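Morning, everyone. Please have the sequence and the model open as I talk. I'll go through it piece by piece.

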Amino acid sequence: MEVRILSKHRPARLRLDGPRSLEVVASRDVLLVEGRAVPQPLRLEAGRWRVRGSGLDRRYEGSLSLEARAGELIPIATFALETYVAAVTASETEVDTPFEALRAQAITARSYALASGRRHEEAQACDLTHCQVLRGEGFARHLGRSRDAARSTEGVVLRLPDGSIALAPFHGSCGGHTAEPVAVFGAPDLSGAAAMPDRCPPSAWSAVVSRALVTAAATEALGGPVQAADLLLDRDSSGAVVRVVDRASGRAARGDAFFRALGARAGWDRIRSARFSLAFGGDRVLFEGQGHGHGVGLCQAGAALLARQGQTAEQLLAHYFPRALLWNPKDK
């Protein structure tokens, strides 16, 4: 599994320690190793690598390659699939997540990775939410449990009725009801998920942002000028905004596109989900919402709660992905 790492940090200089030790620097489009220009990409053997830079200290188990591009290092890590699944599971969940919820997360992450194809020019995936979060080796106890979860579900994936692997999404908290995948992401549904009532807590949130920010986000999502006050919000059965319409022009866009444009501008810690209402007051807009994330597929907060009540990973996945089936290659 090829993953672009340190995507958010865009480092220009890194110290690498593992099977060997070296300092790597991007000088415009020239890659320097210990001060000397080398051919690109620089390929480093598989092993346990410690990668350090300004404000960075990460550990990865895999092989590395690096290129210099416009003064920025582009590091790519190549992992064995199950190593990647364990690292994603540890990165995407809380330390106190019950083991059965970790197993469900591992199956979901494995399915998503295998169904996604190549999402970036330079690698199959990146280490951000856009693909799946990968922070390197995190808390030792949590990583150990995540490895156990990956090992106990090795090779198991969610499959759609046509036999293809489900593009199985997950999110932090649905706020009490998951969202319909077609309404959020558009057709066809490749996830196997469905809108389901859930025992997840409401996870209420609110945020005040400028009217100008909402206007800019709506203009991006709808592909043309729009006034924030002209927006109509259509919702699905979960309460998620699934369609945004400009009353003046008639242009429309998916609610997920509007949610992402808002989050990119205001911050994902402020606009936490697509389940929101908004109220205008002068040059400010009040958002009030529930949940965290797009609301489709596995709800991590809900899965943790259900696992504490005794549900297994298999039961959790049947709940969140009723249109998919578990497939274990060992059952062939």
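Let's start with strand E2. Three bridges join E2 to strand E6, residues 42–53, and the two run antiparallel. One pair to find on your screen: Asp17 has Arg50 as its bridge partner in E6. Keep in mind that this is a predicted model.

Now the other pairing of E2. Which way do E2 and E3 pair, and over how many bridges? Strand E2 covers residues 13–17, and strand E3 covers residues 21–27. They pair in the antiparallel sense, over five bridges. Arg13 stands opposite Val25 in E3. The link from E2 to E3 is a hairpin, and three residues make the connection.

A general point before the sheets. In a regular strand, side chains alternate between the two faces of the sheet.

Next, an open sheet of three strands. The order is E12-E17-E16, and the pairing is antiparallel. Which strands stand at the edges? They are E12, residues 204–210, and E16, residues 276–281. Each has a single partner strand, so one side of each is left without a neighbour in the sheet. From one strand to the next, the twist averages 20°.

Look at the E12 pairing in that sheet. E12 pairs with strand E17, residues 284–290, in the antiparallel sense over seven bridges. Val208 has Leu286 as its bridge partner in E17. A helix also packs on this sheet: H5, residues 211–222. H5 touches E12, E16 and E17. The direction of H5 makes about 95° with that of E12.

On to another open sheet of three strands. Here the order is E13-E14-E15, again with antiparallel pairing. The edges are E13, residues 231–235, and E15, residues 252–254. Each of these edge strands has a single partner, so one side of each has no neighbour in the sheet. The twist averages 20° from one strand to the next.

Strand E14, residues 241–246, runs antiparallel to E15, with three bridges joining them. One position to click on is Arg243, which stands opposite Arg254 in E15. Which helix packs on this sheet? It is H6, residues 255–266. H6 touches E13, E14 and E15. The direction of H6 makes about 85° with that of E14.

Now a helix pair. H7 is residues 300–308, and H8 is residues 313–320. Their axes come within 10 Å and cross at roughly 140°. That angle makes H7 oblique to H8. The cut-off matters here, because only angles over 145 degrees count as roughly antiparallel. The crossing of H7 and H8 is right-handed.

Who meets whom? From H7, we have Gly302, Ala303, Leu306 and Ala307. From H8, they meet Leu316, His319 and Tyr320. The residues of this contact divide into five nonpolar, two polar and no charged.

Last stop: a single arginine. Arg103 is found in helix H2, residues 99–116. Is Arg103 buried or exposed? Arg103 is buried, because its relative accessible area is 12%, and buried means under 20%. What is Arg103 in contact with, leaving aside its neighbours within four places in sequence? The contacts are Ala149, Ser152, Thr153, Ala313 and Glu314. Two of those names should be easy to place: Ala313 and Glu314 fall in H8, residues 313–320.

That's my tour. Over to you.

Definitions and conventions: Residues are numbered from 1 along each chain as its sequence is written. This is a predicted model: local features need pLDDT of at least 70, side-chain atom pairs count only at pLDDT 80 or more; totals for chains, interfaces and linings use all residues. Side-chain values use heavy atoms; hydrogens and water are left out. Axes are lines fitted to C-alpha atoms, for helices over the stretch in contact, and angles run from 0 to 180 degrees between N-to-C directions. Helices (H or I, at least four residues) and strands (E, at least two) are DSSP runs, numbered from the N terminus. Angles under 35 degrees count as roughly parallel, over 145 as roughly antiparallel, 65 to 115 as roughly perpendicular and the rest as oblique. A crossing is left-handed if the near helix is turned anticlockwise from the far one by less than a right angle, and right-handed if clockwise. Contact means heavy atoms within 4.5 Å. Ala, Val, Leu, Ile, Met, Phe, Trp, Tyr, Cys and Pro count as nonpolar, Asp, Glu, Lys and Arg as charged, and the others, Gly among them, as polar. Buried means under 20% relative accessible area, exposed over 50%, partly exposed in between (1.4 Å probe, protein chains only). Two strands pair if DSSP finds at least two bridges between them.
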